[in-house]
Each structure stands twice: as C-alpha cells, then as structure tokens.
Amino acid sequence: MELAGVGIDLGGTSVKMGVVTPEGEVLARKEVATPKGPARPAVAELSRVVLQLIQASGLRPERIGSVGVGTPGILDPKKGLVRTASNLEGWVDVPLGDWLANDLGRPVRVINDAHAAALGEIRFGTAKGIEDLVLLTLGTGVGGAVVVGGRVVGGSRGLAGELGHMRIEMSQPRPCGCGLFGCLEAYAGAKNILKRMHEALADDIQEISLLKEKSKVGPLTVEDLFWAAAEGDGIMLRLVDETALALAAGIANLLHALNPKAVVLAGGLSRSALLVEKVQEYLPDLVLNPAYLDDFCVTISSLGSDAGLLGAAAAAMPFPS
Ligand SMILES: [Zn+2]
C-alpha cells in the first residue's frame, strides 16, 4: 500500500500544512501565520505543527512517508536550500530540507511553490491526465510552471518557470517588482494592476468611474476593479482589456515555445470570468497558426488555494504508474 505524505505550502503570510493520502484526501490540516524572526526557530515551529498533524491524522506514523514543501524564492532544490526569498524576511541560504528532515525524521523534498501547484493540478486537479501544460498563478505577482511529458520542468538549476518575468513590452515598459522592466507581472500581477488602476483614476479626471467615489471611502481592491468593469465602467474595462492582452501575449509566447494542451490559470485573478473570456478572445490574433489552438484550452485551477499543499505532498510521493 502506498504511503500517505505531508504537504507544506510555505507562503509569505501563512503556511498551510496537511497529511495527504495518495488519492489527495487531506486527513488533517492546519494553517498558521508564517513565523517571523530567525529561520531556524521558525522552521522548528512548523515541524512541531507537522508532528501534531501526523498524530491527528489517525494514521500510524509508519504509514506516512515523505514530506514535500513548496516555497517561494530562489531555491536549490537538489540541496533543499532556500537561497533567498523576498517575502520570507531574513531567509538567506536556509537549509530548509535538512532542518525539516532532522526535526521530522523523514525524507524531505523542497520545491518551488508554483511547481508544487502544477504538480497538485496534474495529480489531483483539473489537469489530471494532461501531459503538456503551463500553469500561471495570478496573485499579487505572477508565477508559473511548465509541465512537459507529465513532468514539471526544473531546468539546469531548478529555476525554470518564472513566467511572470517574460518580457512582453519593449517600447514603454513598466517597472516590475523584480527590478526589471516590461515583465508580464508588471501588467498582470494584482499589485501592479492596482497601481495602474490608481493612475488611470487620477489621469481621467473628466471620465466618470464607479470607483471614484468608492476610493474616497476605503482602499480599492482588484475585486472592485473587475466588478466595475463587469458593470460597464469604461476606465476599468480598458484596464481589464490591457491586462487580458498582456496575459494573452504571454500565453501566445508559451504556445509558440511549448505547444501545450492547456494553460491552467490559478490564483485570485483567475476567478474573473471577464478577464479569462477576454484572454481567449485575444489569443487567435497572436498565434502564428491556428493549429496552436486546436484542441487547446485555457482552464481554471480546480484545487484553488489547496493546489500548493496537495502538490507539495505529491512531490514527495512516488507517482502512480
Ligand atoms: Zn519582473
């Protein structure tokens, strides 16, 4: 019988942990705020929670095999090392894999968080059975993972899949949070969309927008933007259009490079039906040949915020043959 695994989805604000069966059932789970301060005590705190979960799962400890952890930042997956992570303050060259293995007495695999989400989708989610696909996570920033022949592509140093930093604009490139210019994330990451929204509201003094009054009451969110666009707000519709065109341009580049069967959109922005519809409208004009779109689909993650947790657990399990 196949062993269950432990999945850890380490984020900048919270950490999701769970004991996961080979079928993707979460037997015990807990979400905690990401521990602040020095890395070693923070990791020890997470280990304590994992040990509690193993007990709460009702499985005998020997029925639980490896531990998988999905983490942001620049990693050395072979060594289980987090080199740097902008949203894990003070984490530099952290031997996350070794520390967890030491605390938990189990083998540990450390992978990029977007790679984990892709693994979750291909093993348990919307991409089950699809061998060639691209995952784009549309959150505060834009992350990604490339799956070829059923395997997540790591590249020579495990750094493949930074799809949010493909350059899509050359002439008047906007700055990206990464320090580069013209990246997909500068147009399709929620943080930058909000920035563009505020610029547009300040620029179009004459034009009426549903959000001008709302902005005086409290801070606006990306949800407000998509709501206003769906209500027919001209400024917001233009912004959604620009965002969709940027995403479609990025997807077209990926279609030409990889010819995937699907692009899976995950993260908060993927819940906007209007955005996804517009991306699909733009695609035919951006591809070299309609054949790239034969049998191709843009689909939405079915695991939602559990994709990272399930995928991290899957990363540490043998793939069913
Ligand atoms: Zn960038």
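Student: Which residues of helix 1 are buried?

Tutor: In this predicted model, the buried residues of helix 1 are Ala 39, Ala 42, Val 43, Leu 46, Ser 47, Val 50, Leu 53 and Ile 54. Seen down the axis of helix 1, these buried residues fall within an arc of 140°, so they line one face of the helix. On the other side of helix 1, Pro 41, Arg 48 and Gln 55 are exposed.

Student: Why is Leu 46 called buried?

Tutor: A residue is called buried if 20 or more other C-beta atoms lie within 10 Å of its own, and Leu 46, with 22 C-beta neighbours inside 10 Å, therefore counts as buried. Leaving aside its neighbours within four places in sequence, Leu 46, whose place is in helix 1, is in contact with Ile 8, Val 15, Met 17 and Pro 35.

Student: What do the buried residues of helix 1 pack against?

Tutor: They pack against strand 1 (4–10), strand 2 (14–20), strand 3 (26–33), strand 4 (64–71), strand 7 (92–94) and helix 2 (96–104).

Student: How do you know that the span of helix 1 agrees with its number of residues?

Tutor: The expected span is 1.5 Å times one less than the number of residues, so the 18 residues of helix 1 (residues 39–56) should span 26 Å, and the end C-alpha atoms are indeed 26 Å apart, which agrees. Just after helix 1, Gly 58 takes a positive phi of about 85°.

Student: What makes strand 11 and strand 13 the edges of their sheet?

Tutor: Five strands form an open sheet in the order 11-10-9-12-13, with mixed pairing. Strand 11 (151–152) and strand 13 (297–300) each have a single partner strand, so one side of each is left without a neighbour in the sheet, and they stand at its edges.

Student: Why is the pairing in this sheet called mixed?

Tutor: Strands of a sheet pair through backbone hydrogen bonds, either parallel or antiparallel. Strand 9 (residues 133–138) and strand 10 (residues 142–148) run antiparallel and are joined by six bridges, whereas strand 9 and strand 12 run parallel and are joined by five bridges. Strand 12 and strand 13 also pair in the parallel sense, over four bridges. The pairing across the five strands is accordingly described as mixed.

Student: Which residue of strand 10 is the bridge partner of Leu 136?

Tutor: The partner in strand 10 is Gly 144, while in strand 12 Leu 136 stands opposite Leu 265. Leu 265 in turn has Ile 300 as its bridge partner in strand 13.

Student: How do you know that strand 12 is largely enclosed by the rest of the structure?

Tutor: Five of the five residues of strand 12 (residues 262–266) are buried, so the strand is largely enclosed by the rest of the structure. Ala 262, Val 264 and Ala 266 point one way and Val 263 and Leu 265 the other way, and all are buried. Strand 12 also belongs to a right-handed β-α-β unit, together with helix 9 (residues 273–286) and strand 13.

Student: How do you know that the radius of gyration of the protein chain agrees with that of a compact globule?

Tutor: The globule rule is 2.2 Å times the number of residues to the power 0.38; with 321 residues, a compact globule would have a radius of gyration near 20 Å, and the protein chain has 20 Å, which agrees. Buried residues make up 44% of the 321 residues, and the secondary structure of the chain comes to 10 helices and 13 strands.

Technical notes:
Residues are numbered from 1 along each chain as its sequence is written. This is a predicted model: local features need pLDDT of at least 70, side-chain atom pairs count only at pLDDT 80 or more; totals for chains, interfaces and linings use all residues. Two strands pair if DSSP finds at least two bridges between them. Helices (H or I, at least four residues) and strands (E, at least two) are DSSP runs, numbered from the N terminus. A residue is buried if 20 or more other C-beta atoms lie within 10 Å of its own, exposed if 12 or fewer, and partly exposed in between; C-beta atoms are placed from the backbone. A crossover is right-handed if, with the strands pointing away from the viewer, the path from the first strand over the helix to the second runs clockwise. The arc is that of the directions from the helix axis to the C-beta atoms. Two residues are in contact if their C-beta atoms, placed from the backbone, lie within 7 Å.
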